[in-house]
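Notebook open, structure loaded. I want to look up the pockets, then the strands around them, then the helices.

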Amino acid sequence: MSGFVGDWLVSEYVYTPAGEYVGRVRQQRRLEPADGGIRVVQVCRPIEPAPGLSPLGRETAAVMDRRVGEFVFDLALEGRARRYLGPDVVGGGVAWAEGVLTARGLWPRFGFNFTSFSILLGPTRQVTGGRFFAARREVAVIVGVAVPGEAGYPALPPPTPRTWAGLRCTFTAQGELLDETRVAAADLLDDLRRQAPGWQGCGMAYGPLLEAEGVAGPGETVSLLAVNDAEAGLVGLARWQRDELLHRVQVYRLLEPVEGPP
């Protein structure tokens, strides 16, 4: 987290829960040291809506326009834990690896619960995203990209059918590194199926974001999220549960393009 302190520009791509593209939100983000932790200041602009939105798309756009303006919260770092102390974001998260975070909580002033993820692809690029909810009713899905402020607002290109190579790191639920395996993949679902040939489940794409939920074997389920950043690589996170208990987490950073067809 300390490596991400500074001024950043973020482009967030917003989707309905059903997968309709709603539009883009430009955001300025500043992270600065504060009382042993991090103070986060986010300034969100109104959504730039896509043309021809459905009624649900217009409803989602209206929700995101409730988040316009400046939002401030403090973030305490306690080992792997991340504590969101408010006032504008409260909750908590965990760092699974350097620069890889998942979290959940509430934006009290905005009025919605959230889940989120962020993955650093390098010192000057981060993919981020998550979901907003009213209790359990999902209202928006977001995937975005952040770069240093002097670089200008970034774009997250449409996914491309190419193969990327890099590391899959496997951790226990307590964060202990179990192994690092070099893999090449065009789709992280393919790697998941190689590990669990009996895997079956459902997947959903939101532009460059892929999410999947499935069963790997008796009592074992897997939740997968992956972002295909055509400019920088394929990254993701797989959470394996056995009998409703998290028992391992896999972090993917495949940042080396492989020549030839996928």
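**Entry 1, second largest pocket.** I started here, keeping in mind that this is a predicted model. I counted 35 residues in the lining of the second largest pocket, and R29, Y84, L101, S118 and T128 are nearest its centre. The elements that each put in two or more residues are β2 (21-34), β3 (37-44), β5 (69-78), β6 (81-87), β7, β8, β9 and β10. For volume I noted about 670 Å³. By class I got 18 nonpolar, 11 polar and six charged residues in this lining.

**Entry 2, L101.** One of the residues nearest the centre of that pocket is L101, so I looked at L101 by itself, with its relative accessibility of 11%, which makes it buried under the 20% cut-off. L101 sits in strand β8, which covers residues 100-107. I also checked L101 against A185: they are 84 residues apart in sequence, and their C-alpha atoms are 22 Å apart in space.

**Entry 3, the neighbours of β8.** Which strands pair with β8, I asked myself, and in what sense? On one side I found strand β7 (residues 90-97), antiparallel to β8 over seven bridges. On the other I found strand β9 (residues 112-122), also antiparallel, over eight bridges. T102 in β8 is a handy marker for both: V94 stands opposite T102, and in β9 the bridge partner of T102 is F117.

Both connections turned out to be hairpins. Between β7 and β8 there are two residues, and G99 in that turn has a positive phi of about 80 degrees. Between β8 and β9 there are four residues, and G111 in that turn has a positive phi of about 95 degrees.

**Entry 4, largest pocket.** Next I went to the largest pocket, which holds about 880 Å³ of space. It is lined by 31 residues, and R104, T115, R131, E213 and R239 are the closest to its centre. I listed the strands that supply at least two lining residues each: β7, β8, β9, β10 (125-134), β14 (200-206), β15 (209-217), β16 (220-229) and β17 (233-242). Which strand gives the most to this lining? I found that β9 does, with five residues. The class count for this lining is 14 nonpolar, 11 polar and six charged.

**Entry 5, β10.** β10 is on the lists for the largest pocket and for the second largest pocket, so I gave this strand its own entry: nine of its 10 residues are buried, and the rest of the structure therefore largely encloses it.

For its partners, I began with β9, which runs antiparallel to β10 and is joined to it by nine bridges. T115 stands opposite R131 in β10, and I had just noted T115 and R131 among the residues closest to the centre of the largest pocket. The hairpin from β9 to β10 goes through two residues.

The other partner I checked is strand β11 (residues 137-148), antiparallel to β10 over nine bridges. There F132 has A140 of β11 as its bridge partner. This pair is a hairpin too, with two residues in between, and A135 in the turn has a positive phi of about 60 degrees.

**Entry 6, helix α1.** I moved to T60, which lies in helix α1 (residues 55-64). Is T60 buried or exposed? Its relative accessibility is 2%, so T60 counts as buried. Leaving out neighbours within four places in sequence, I found T60 in contact with V14, Y15, T16, V22, V139 and A140. A140 was already in my notes as the bridge partner of F132.

Then I took the helix as a whole. The buried residues of α1 are G57, T60, A61, V63 and M64. They span an arc of only 155 degrees around the axis, which places them on the same side of α1. These buried residues pack against β1 (6-15), β2, β9, β10 and β11.

**Entry 7, helix α2.** I ran the same lookup on helix α2 (residues 188-195), where L188, L189, D191 and L192 are buried. Their arc is only 160 degrees around the axis, so they are on the same side of α2. A reminder to myself: an α-helix has 3.6 residues a turn, so residues three or four places apart point the same way. The buried residues of α2 pack against β12 (163-172), β13 (177-185), β15, β16, β17 and β18 (245-258).

Definitions and conventions:
Residues numbered from 1 in each chain as written. Predicted model: local features only at pLDDT ≥ 70, side-chain atom pairs only at ≥ 80, totals over all residues. Heavy atoms only, no water. Buried < 20%, exposed > 50% of the residue type's maximum accessible area, 1.4 Å probe, protein only. Pairing = 2+ DSSP bridges. 1 Å grid on protein atoms, 1.4 Å probe; cavity = no way out; pocket = protein on both sides within 12 Å on 5 of 7 lines; lining within 4 Å. Points joined across faces, edges and corners; volume = space filled by probe spheres on them. Nonpolar A, V, L, I, M, F, W, Y, C, P; charged D, E, K, R; others polar. Arc of directions from axis to C-beta. Contact = heavy atoms within 4.5 Å.
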